[in-house]
Amino acid sequence: MTKSLPKAELHCHIEGAAPPSLALEQARKYNVETGHFIRDGIYVWDDFTSFIAAYDLVADLFRTPEDYAHLAETYLLELAAENTIYSELFVSPDHGEAVGLSADAYLDGIAAGMIAAKEKTGIESRMVIIGERHLGPENVLRRATETAKHLHRHPLVTGFNMAGEERMNRVADYARAFDIARDAGLGLTIHAGELVGPQSVIDALDLVRPSRIGHGVRAIEDADLVKRLADLGTVLEVCPGSNIALKVFPDYASHPLCRFIEAGVRVTLNSDDPPFFHTTLAMEYERAETVFGLSHDQIVATTRTAIEAAFIDSDTRTRLLALV
Ligand SMILES: Nc1ncnc2[nH]cnc12
Ligand SMILES: [Zn+2]
């Protein structure tokens, strides 16, 4: 039983964490028709492209700092109720800008929800800024530049990441954005090895030099790369439920989580976009035990790894590690 275990999550997209019930509430508030992307209380999509389209439609229902505060607080309270002690939220100011919110207003709203959740439950959280790959290199560069410029205003922003359509453009096209984020003191992680094979992870290691990789699971197709990840100590933000829902692997028996652990790669458990993939962080922990057969100690080790790899200051890390 993993229910009572302390949990930590490094990889969850804030708009992707909106429960359909909350999305429907927002749709009523703004008089938006949802029949084409929410049916019977479930988000409707069938491949990565239509998933991103549904994600964008859900994001469009959050339009003010207060909406985003409510979303962040709702998700973090849900996590805290499952004994989660730490959460790193992936936030994309591009989605705020799409509804007319400045990056500052978008981040202030999310921060308010994070602070409220911490006051109520003690859950610690941070934000990782996302540059959306499919919006192009110029846009990701602008995102990194603006993030660096406004960092002093947003103490809960501690990392930079790139998500979106991995099949578009080359990692090299985005390397400069990551250089700017690194120089600003942000922790680096990047979605790679999810929709694209090992070369995407190799490019990420060579050109971005992140301490963590979002997914990275298709590195399993290259034994030398698996060894390189283990030797470097790069942490994989593994999201098994997401990988199965998006058909990265046909079933859990084919999923490489256990093979990474056996090879000495540092892994963590994550939900990615929980209601889109019919999962929660607690379900990922439970599945690690019941489907992947991880021992109690192996599951606790994933939580320790998450805290060790979190983009937090050393006092917070020490305090959280003592809780695991
Ligand atoms: N699983 C995923 N991969 C890439 N970009 C995303 N944005 C939200 N979820 C994502
Ligand atoms: Zn993701």
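**Figure 1. Contacts of ligand 1 with Glu 194 and its other surroundings in the predicted model.** A nitrogen atom of ligand 1 lies 2.7 Å from a side-chain N or O atom of Glu 194. Asp 272 also places a polar side-chain atom 2.7 Å from a nitrogen atom of ligand 1, and for His 13 the corresponding distance from a polar side-chain atom to a nitrogen atom of the ligand is 3.5 Å. Considered alone, ligand 1 exposes 260 Å², of which the protein buries 99%. The residues that surround ligand 1 include the aromatic side chains of Phe 48, Phe 51 and Tyr 55. Ala 163, Gly 164, His 191, His 215 and Asp 273 are also among the surrounding residues.

**Figure 2. Coordination of the zinc ion (ligand 2).** Three histidines, His 11, His 13 and His 191, each coordinate the zinc ion through NE2, and Asp 272 coordinates the zinc ion through OD. The coordination distances run from 2.1 to 2.3 Å. Angles among the four donor atoms range from 85 to 172 degrees, and the site is classed as irregular. The assignment follows because four donors count as tetrahedral only if all angles lie between 85 and 135 degrees, and the site does not meet the square planar criteria either.

**Figure 3. Placement of the zinc donors along the chain.** The donors of the zinc ion (ligand 2) follow the spacing H-x1-H-x177-H-x80-D. His 13 belongs to strand 1 (residues 7–13), whereas Asp 272 sits in the loop between strand 10 (266–269) and helix 12 (281–290), so this pair ties together parts of the chain that are 259 residues apart in sequence. His 13 has a relative accessibility of 8% and therefore counts as buried, the limit being under 20%. Asp 272 is likewise buried, at 2% relative accessibility. His 13 and Asp 272 are both listed among the residues around ligand 1 and among the donors of the zinc ion.

**Figure 4. Thr 279 in the loop between strand 10 and helix 12.** The side chain of Thr 279 forms a polar contact with that of Glu 284, at 2.6 Å. Thr 279 counts as buried because its relative accessibility is 4%. The loop that holds Thr 279 also contains the zinc donor Asp 272.

**Figure 5. The annotated region, residues 6–323.** An unreviewed UniProt entry lists these residues as "domain: Adenosine deaminase". Over this range the chain is 48% helix and 17% strand. The C-alpha atoms at the two ends of the range are 7 Å apart.

Technical notes
Residues numbered from 1 in each chain as written. Chains lettered and ligands numbered in written order. Predicted model: local features only at pLDDT ≥ 70, side-chain atom pairs only at ≥ 80, totals over all residues. Heavy atoms only, no water. Donors = N, O, S within 2.8 Å, 3.2 Å for Na, K, Ca; no water. Tetrahedral: all angles 85-135°; square planar, octahedral: opposite > 155°, others 65-115°. Helix = DSSP H or I, 4+ residues; strand = E, 2+ residues; numbered from the N terminus. Buried < 20%, exposed > 50% of the residue type's maximum accessible area, 1.4 Å probe, protein only. Near = heavy atom within 4 Å. Polar contact = N/O pair within 3.5 Å; in protein donor to acceptor, adjacent residues only side chain to side chain. Areas by Shrake-Rupley, 256 points an atom, 1.4 Å probe, with all protein chains shown as cover. UniProt positions renumbered as here; feature names shortened; annotations may be inferred.
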